[in-house]
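Student: Please take me through one part of this model closely. I would like the surroundings of the ligand, and then how the rest of the chain is laid out.

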Amino acid sequence: MMLHCSGDDRGLSDPVLLEKIDRLFACNVGNYVDLPQLVVVGDQSSGKSSVLEGLTRLAFPRDSGLCTRFATQIIFRRRSIGERRIMASILPCHSTEEVHVAELHSWKGKDLQSLDVESFSAMMAEVHTLMRVSQSENDGLPTFSKHVLQVEICGPQEDHLSVIDVPGIFSNAIPGKTTKEDKVLVRSMVQAYMKNPRSIILMVVPANVDIATQEIVEMAHEVDPTGERTLGVLTKPDLVDKGAEAKVIDIIKGDRMQVKLGWVVVRNLGQSELQGGITRRDAAEEELQKHHPWNVIDCEDFGIDALKIRIRVTVTANARQAFTSVKHEVSNSPKARQISLTSLGPPRKTMEQQMQYLVDIFSSFQNLTTQALGGNYSLNDAFEDLGALRLATAVVTRNEKFSEDLDRWGHLFDFNNEPSSQSDASDFVTGRQKSEKGILCSRKYKDIPEILDILPEPSNMSPPLSHDLASWIGDEYRQSRGFEMGTFNHLLLSGLMKKQSLKWTTLANGYIGDAITIIHSYITNGLSQVCPDRRVYEKLLSFLMDKLLERYQKAIDKVNHLLFVERSMIPMTLNHYLNDNMEKCRQKRATSILASKVIDGPNGKVVRLDDLKYQQNMSNVEHVVQNLQDILQSYYKVARKRFVDNICMEACGYHLIQGPISPLELLSPSLVGSMSMEQLDEIAGENAILKRRREQLHKEIVDLSMARKILL
Ligand code: GDP
Ligand code: MG
């Protein structure tokens with residue numbers, strides 16, 4: 001605060017405290033410290049502005065006719081560098097219209113180099129207009145405004161302090177000037193400032209009136225019942241009636257008004273003295289102090305300087321308390337900020353930094369994949385939280401399901417169906433089903449929208465048809481037989497196999513759709529796990545997407561390739577299980593035919609040799625058909641197992657997981673090398689917000705660590 005007499009001892013704050021606050025401001029954490037705040041309250045014309053002027057040496061406009069219409073907050077800040085600077089602005093109240101808010105915001109006080117009487121009152125006039133408060137009778141404008149005029153004074157000799165001058169409260173509305181509503185408005189405004197526990201209430205009461213009639217005393221008692229932060233100021237001692245002085249002195253000496261911080265008598269200049277312009281404020285005060293009965297008052301209870309000292313003690317005590325919480329804040333903040341900073345990852349300004357950043361991400365991804373494929377789930381908590389990361393388990397489970405589905409649902413006609421007189425070839429067309437009803441969906445996993453386009457359509461299927469297999473094969477044979485005798489054209493087996501394996505396409509497509517879904521959700525979840533920066537994650541994924549789709553497509557192509565091999569080529573196998581299976585078929589058939597001829601002999605079950613002749617009782621065609629059925633059944637089983645293995649190993653295992661062109665292989669550090677400088681910057685570069693955030697955090701950590709040292 002600019003003081004008329006030099007030296008810190010005359011300021012409103014303790015010099016040691018000031019220095020501490022100074023140093024906190026110097027390391028930018030002053031904002032954590034709430035500035036001590038003085039609120040000057042009292043009835044209209046009680047002398048508030050005069051007291052403020054005495055304290056701050058700023059020419060607060062005092063106008064006996066025109067009372068204070070809005071709150072004025074003067075913020076003093078000490079700044080060791082630079083010249084004294086005064087800035088004025090208006091803080092619009094909350095309920096203001098947007099247009100008006102903009103207007104108020106755009107106002108900046110001009111020519112405030114020195115805030116003398118003229119410039120201060122000129123500015124006030126300007127502000128009155130801006131705030132749209134009444135300046136003459138009958139202009140229809142409100143008398144008071146809830147906007148706040150804020151004047152910030154920075155300089156090497158200022159205190160760290162905020163002082164608020166509020167409109168004076170009044171009990172009677174004056175027709176044409178103030179209304180009952182005004183009275184309520186001002187009261188609530190003043191009360192709000194007084195309620196703030198940070199405020200020190202400077203309660204101004206004229207000595208020449210009956211204090212008991214002063215509403216402000218009651219109000220102060222309401223918000224601060226113990227009087228810890230209320231300081232009483234008695235003004236106008238010079239106007240006290242002769243003989244009534246004893247009552248005033250009583251207040252100061254006693255503690256009747258329950259104001260712990262006590263009372264101070266202050267003598268300001270009266271209206272006529274001000275207009276006269278000769279009388280000096282301090283001289284007038286000193287003069288009064290010399291005379292009876294005021295000379296009985298202790299020095300520390302009389303005069304503006306005594307008031308300053310009293311304020312300083314109070315402010316210091318308050319600030320000490322505030323420092324305790326600041327200390328707490330300051331000692332915990334650096335840690336929290338360090339965590340935030342770490343979460344941003346290393347800086348990525350240069351190309352090298354960007355490459356390294358991505359290489360690290362891909363390396364972490366590969367480590368994760370090694371664990372995921374090894375089923376080594378205990379190593380990383382992520383496997384616990386994200387089911388999609390348990391890759392090995394998901395794939396193995398799906399493989400098994402595929403094998404099982406193909407076994408139970410893959411063949412068109414049921415192999416084990418006994419010949420029945422009702423069934424005929426039309427069953428195939430009408431789709432008569434086995435008694436074991438149900439529908440099987442080819443897909444087990446939910447679709448992921450971004451890969452939906454390339455995946456084969458899911459579809460439902462029915463169980464194998466319970467049509468008599470022998471009559472279907474017989475029909476097929478009869479329609480395509482040539483001159484062969486006892487044998488058949490090899491193309492016939494191809495045709496039968498193709499029809500019998502009709503549903504392999506749906507099942508295999510469903511399987512590969514699921515496998516790709518499993519891999520893709522592993523990739524997205526895994527990548528977001530190793531790349532906490534959401535922006536980078538999204539950019540990386542969009543960079544990868546086309547390449548991933550290409551690789552997924554390769555797996556689908558492989559499925560089609562294997563389907564062609566199994567279903568459209570001439571049946572072939574070197575697997576000796578074909579013969580084993582055929583032998584089993586024949587034995588089964590013989591056993592079932594002879595079942596009725598079996599008799600119990602002394603050494604187990606026996607069949608008479610004559611009964612075996614029954615078997616020979618077949619036509620040539622029947623024999624060939626029977627043979628054909630055995631071969632089809634035997635070959636189908638060998639081919640089905642081969643198909644399941646090939647699909648799982650080649651389409652999924654090789655193309656999706658372990659092969660050199662699998663999508664998992666794509667997400668390797670070497671991919672970074674293939675990125676152009678632009679791509680690198682686009683994906684891994686820091687945007688302006690992030691850069692600023694990083695710099696901000698960095699600075700705050702440095703500042704706060706320094707602040708901690710200051711406060712310790
Ligand atoms: P506010 O409305 O509470 O801000 O009061 P002001 O500071 O504007 O003062 C109201 C009137 O009382 C002004 O004319 C002042 O000159 C006058 N006044 C204030 N304090 C004293 C004082 O101690 N003695 C005398 N004689 N007049 C005073
Ligand atoms: Mg005033």
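Tutor: What follows starts at the ligand and then moves outward through the chain. Keep in mind that this is a predicted model.

Begin with the shell. In total, 18 residues surround ligand 1. The closest are Lys-48, Ser-50, Asp-238, Asn-268 and Gln-271. Sorted by class, the shell holds eight polar, six charged and four nonpolar residues. Two helices each supply at least two of the shell residues: α2 (48–56) and α8 (271–276). Of the elements around ligand 1, α2 gives the most, with three residues.

Now the polar contacts. A nitrogen atom of ligand 1 sits 2.7 Å from an N or O atom in the side chain of Asp-238. The side chain of Ser-49 also takes part: one of its N or O atoms is 2.8 Å from an oxygen atom of ligand 1. Asn-268 uses its backbone instead, with a polar backbone atom 2.7 Å from an oxygen atom of ligand 1. Then the cover. Alone, ligand 1 would expose 570 Å², and the protein buries 93% of that.

Next, a stretch of backbone given by its own angles. Lys-236 is in the loop between β7 (230–235) and α7 (245–253). Its phi is positive, about 55 degrees, although Lys-236 is not a glycine. Most residues other than glycine have a negative phi, and most peptide bonds are trans. Is Lys-236 buried or exposed, or in between? Its relative accessible area is 26%, so Lys-236 is partly exposed.

Arg-132 also has a positive phi without being a glycine, with a value near 60 degrees. Arg-132 belongs to the loop between α4 (117–130) and β4 (148–155). Its relative accessibility is 41%, so Arg-132 counts as partly exposed.

Stay in that loop for Ser-134, which also lies between α4 and β4. Ser-134 has a relative accessible area of 12%. Buried means under 20%, so Ser-134 is buried. Which residues does Ser-134 touch, not counting those up to four places away in sequence? They are Arg-69, Asp-139, Leu-141, Pro-142 and Thr-143.

The peptide geometry has its own entry. His-292 and Pro-293 are joined by a cis peptide bond, with omega about 0 degrees. Pro-293 lies in the loop between α9 (281–290) and α10 (304–343).

Follow the loop after α4 to its end and you reach β4, the partner of β3. β3 and β4 run antiparallel and are joined by seven bridges. Within this pairing, Ser-89 stands opposite Gln-150 in β4. Strand β3 covers residues 85–91, and its side chains alternate. Ile-86, Ala-88 and Ile-90 point to one face and are buried. Arg-85, Met-87, Ser-89 and Leu-91 point to the other face and are not buried. Ser-89 is therefore one of the side chains on the face that is not buried.

Two helical residues come next. Asn-581 is found in helix α19, residues 577–594. At 10% relative accessibility, Asn-581 counts as buried. Leave aside its neighbours within four places in sequence, and Asn-581 is in contact with Ser-634, Lys-637 and Val-638.

Ser-705 lies in helix α24, residues 688–711. With 23% relative accessibility, Ser-705 counts as partly exposed. Ser-705 also pairs up with a position far back along the chain. Its C-alpha atom is separated by 7.7 Å from that of Ser-331, although the two residues are 374 apart along the chain.

Last, the whole chain. The protein's secondary structure comes to 24 helices and twelve strands. Of its 712 residues, 47% are buried. Take the contacts between residues at least 6 apart in sequence: 79% of them join residues at least 24 apart. The protein exposes about 36,500 Å², and carbon and sulfur atoms supply 53% of that area.

To return to your request: ligand 1 has 93% of its area buried by the protein, and α2 gives the most residues to its shell.

Definitions and conventions
Residues are numbered from 1 along each chain as its sequence is written. Chains are lettered from A and ligands numbered from 1 in the order in which they are written. This is a predicted model: local features need pLDDT of at least 70, side-chain atom pairs count only at pLDDT 80 or more; totals for chains, interfaces and linings use all residues. Side-chain values use heavy atoms; hydrogens and water are left out. Helices (H or I, at least four residues) and strands (E, at least two) are DSSP runs, numbered from the N terminus. Buried means under 20% relative accessible area, exposed over 50%, partly exposed in between (1.4 Å probe, protein chains only). A residue is near a molecule or strand if one of its heavy atoms lies within 4 Å of it. A polar contact is a pair of N or O atoms within 3.5 Å; within protein, one must be able to donate a hydrogen and the other to accept it, and residues adjacent in sequence count only if both atoms are side-chain atoms. Accessible areas come from the Shrake-Rupley method with a 1.4 Å probe; for residues, only the protein chains shown count as cover. Ala, Val, Leu, Ile, Met, Phe, Trp, Tyr, Cys and Pro count as nonpolar, Asp, Glu, Lys and Arg as charged, and the others, Gly among them, as polar. Contact means heavy atoms within 4.5 Å. Two strands pair if DSSP finds at least two bridges between them.
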